[in-house]
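Visitor: Hi, I have a model open and I'd like to ask some quick things about it. Can you walk me through a few spots?

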Amino acid sequence: MKENNRGTVVVVGAGIAGLASAYYLVRDGWDVKILEKNTLDNNCSYGNAGMIVPSHFTPLAAPGIVAQGIKWMFNSKSPFYVRPSLNPRMINWGLKFLKHANRSHVEQHATAIRDLNLYSSRLYDELAQEEGVDFELKQNGILMMYKSKEMQHEEIELAHRAQDLGLDVDILEGNAVQELEPNLKLDVLGAILYRCDGKLYPPKLMRQLIQYLKAAGVAFFEETEVNKFITAGNKVKEAISSKGSFQADAFVLTGGAYLPQLTSKLHVNTPLMPGKGYSFMYQPEENTLNHAALLLEARVAVTPMNGQIRFSGTMELGPANDKIYENRVRGIVESIPKYYPELKVDYPSEKIWYGYRPCSPDGLPYLGRLKKFDNVLVAGGGGMMGLSLGPAYGKVVADLLAGQKIESEIAGFRPDRFD
């Protein structure tokens, strides 16, 4: 680790993007302070599916999602739901989403999304080699499992596109999928195995990063909400928070689903909608699964971790609230035996976790330096790729502040592209 001599950086947000930014910054010689509006154990980086997904090279704003979303809206247990709202932010986001949900947009950005995810995956490999670090990283691929001919056709077409992009992908019939999971009966027509994908255990990752950063001298300020920035010319000089003011040479904004509230204080527009997702842990009688999987028709993620299985899913777009909509969770539970007929999973009445994915209207992350303020960087808006992109966010932030060459193309992810 380099001696701290570059200056001070304030990182706002202690999710994976904030912690990864702090990790690479402190290794690069910066004195780092992290401000978190909640507590360190209360954000979307803990309860997510734990998947590393170069396979997700198609933005959320993609052809077909609008028509499919309209069908799903009339089913309270469906995987995708937009809560009707006259909220101006919601309407504005929706109009932008409609504008970008086309094939041209997908083709334009697929390579950059793939590259950023692959870069992040390599950084996860390096992080896992750190002495004393173990967050259950397993780069053995993710199975995209389907039951219907219609889904099979769509996924094989997508798999061919992935192969054209150079990703390691196998198209499997049902019996070949079953061979990969010999301990548990499957009921699927087939699957795509994205060998380029991986998985980890998010709570271990987060706890170990926090432990590392504290040992490296990073100061954490919990329940500290930024209310205002003091600027001078093209620089931010100070962040005024609920617990005092913080001066710094540079600022990194990684506020997850609350990123728009942060950037708006600098008169920068980063439209996001919080996409609520639910997850719960299930304890099988024995370790039954070898691979993480996506149950495609149900849009449910299945991840073996910590000796258990995490089931997660739904994308519920709308203003944030603290309600757990039971039917959304029941939709997840009821889908499981359709793919794993031997798994008897009951409704997890007391162990339901929910969090908010920060979803941009064009499905692309916000990553880079602000035009208006050359000492402010933004890293976030990754939607369902947030954990997957974490290390890449952090390394890009550190390289930009150090004036180093960026190893992945980020021009299309400009944080002020909607201004």
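Guide: Here is a short tour, strand by strand and residue by residue. Keep in mind that this is a predicted model.

Visitor: Let's start with β7. Are its residues buried or exposed?
Guide: Buried. Strand β7 covers residues 190-194, and five of the five are buried, so the strand is largely enclosed by the rest of the structure.

Visitor: Which residues sit on which side?
Guide: Gly 190, Ile 192 and Tyr 194 are on one side. Ala 191 and Leu 193 are on the other. Both faces are covered.

Visitor: Why the every-other-one pattern?
Guide: Because in a regular strand the side chains alternate between the two faces of the sheet.

Visitor: OK. How many bridges join β5 to β7?
Guide: Five. Strand β5 is residues 142-146, and the two run antiparallel. As one example, Met 145 has Ala 191 of β7 as its bridge partner.

Visitor: And β6, how does that pair with β7?
Guide: In the antiparallel sense, over five bridges. Strand β6 is residues 169-173. Glu 173 stands opposite Gly 190 in β7.

Visitor: New topic. What order do the strands take in the sheet with β10, β11 and β12?
Guide: The order is β10-β11-β12. These three strands form an open sheet, and the pairing is antiparallel.

Visitor: Which ones are the edges?
Guide: β10 (226-232) and β12 (244-247). Each of them pairs on one side only. On average, neighbouring strands of this sheet are turned by 25° against each other, direction ignored.

Visitor: How many bridges hold β10 and β11?
Guide: Six. Strand β11 is residues 235-241. Ala 232 stands opposite Lys 235 in β11.

Visitor: What about disulfides, how many are there?
Guide: Zero. A disulfide is a covalent bond between the sulfur atoms of two cysteines.

Visitor: And Cys 196 and Cys 359, are they buried or exposed?
Guide: Cys 196 counts as buried, at 14% relative accessibility. Cys 359 is buried too, with a relative accessible area of 2%. The cut-off for buried is under 20%.

Visitor: Switching again. What is the phi of Arg 299?
Guide: It is positive, about 55°, although Arg 299 is not a glycine. Most residues other than glycine have a negative phi.

Visitor: Where is Arg 299?
Guide: In the loop between β15 (292-295) and β16 (300-305). Arg 299 is partly exposed, with a relative accessible area of 39%.

Visitor: What about Asn 306, what is its phi?
Guide: Asn 306 has a positive phi of about 55°, and it is not a glycine. Asn 306 is found in the loop between β16 and β17 (308-317). Its relative accessible area is 37%, so Asn 306 is partly exposed.

Visitor: Last stop, Lys 276. Which strand is it in?
Guide: Strand β14, residues 273-282.

Visitor: Is Lys 276 buried or exposed?
Guide: Lys 276 is buried, yet has no salt bridge.

Visitor: Which side chain of opposite charge is nearest?
Guide: Glu 316, at 4.0 Å from Lys 276.

Visitor: So what does the side chain of Lys 276 make a polar contact with?
Guide: One contact is with the side chain of Asn 321, at 2.7 Å. Another is with the side chain of Tyr 356, at 3.5 Å.

How values were computed. Residues are numbered from 1 along each chain as its sequence is written. This is a predicted model: local features need pLDDT of at least 70, side-chain atom pairs count only at pLDDT 80 or more; totals for chains, interfaces and linings use all residues. Side-chain values use heavy atoms; hydrogens and water are left out. Buried means under 20% relative accessible area, exposed over 50%, partly exposed in between (1.4 Å probe, protein chains only). Helices (H or I, at least four residues) and strands (E, at least two) are DSSP runs, numbered from the N terminus. Two strands pair if DSSP finds at least two bridges between them. A disulfide is a pair of cysteine sulfur atoms within 2.5 Å. Axes are lines fitted to C-alpha atoms, for helices over the stretch in contact, and angles run from 0 to 180 degrees between N-to-C directions. Lys and Arg count as positive and Asp and Glu as negative; His and the chain ends are not counted. A polar contact is a pair of N or O atoms within 3.5 Å; within protein, one must be able to donate a hydrogen and the other to accept it, and residues adjacent in sequence count only if both atoms are side-chain atoms.
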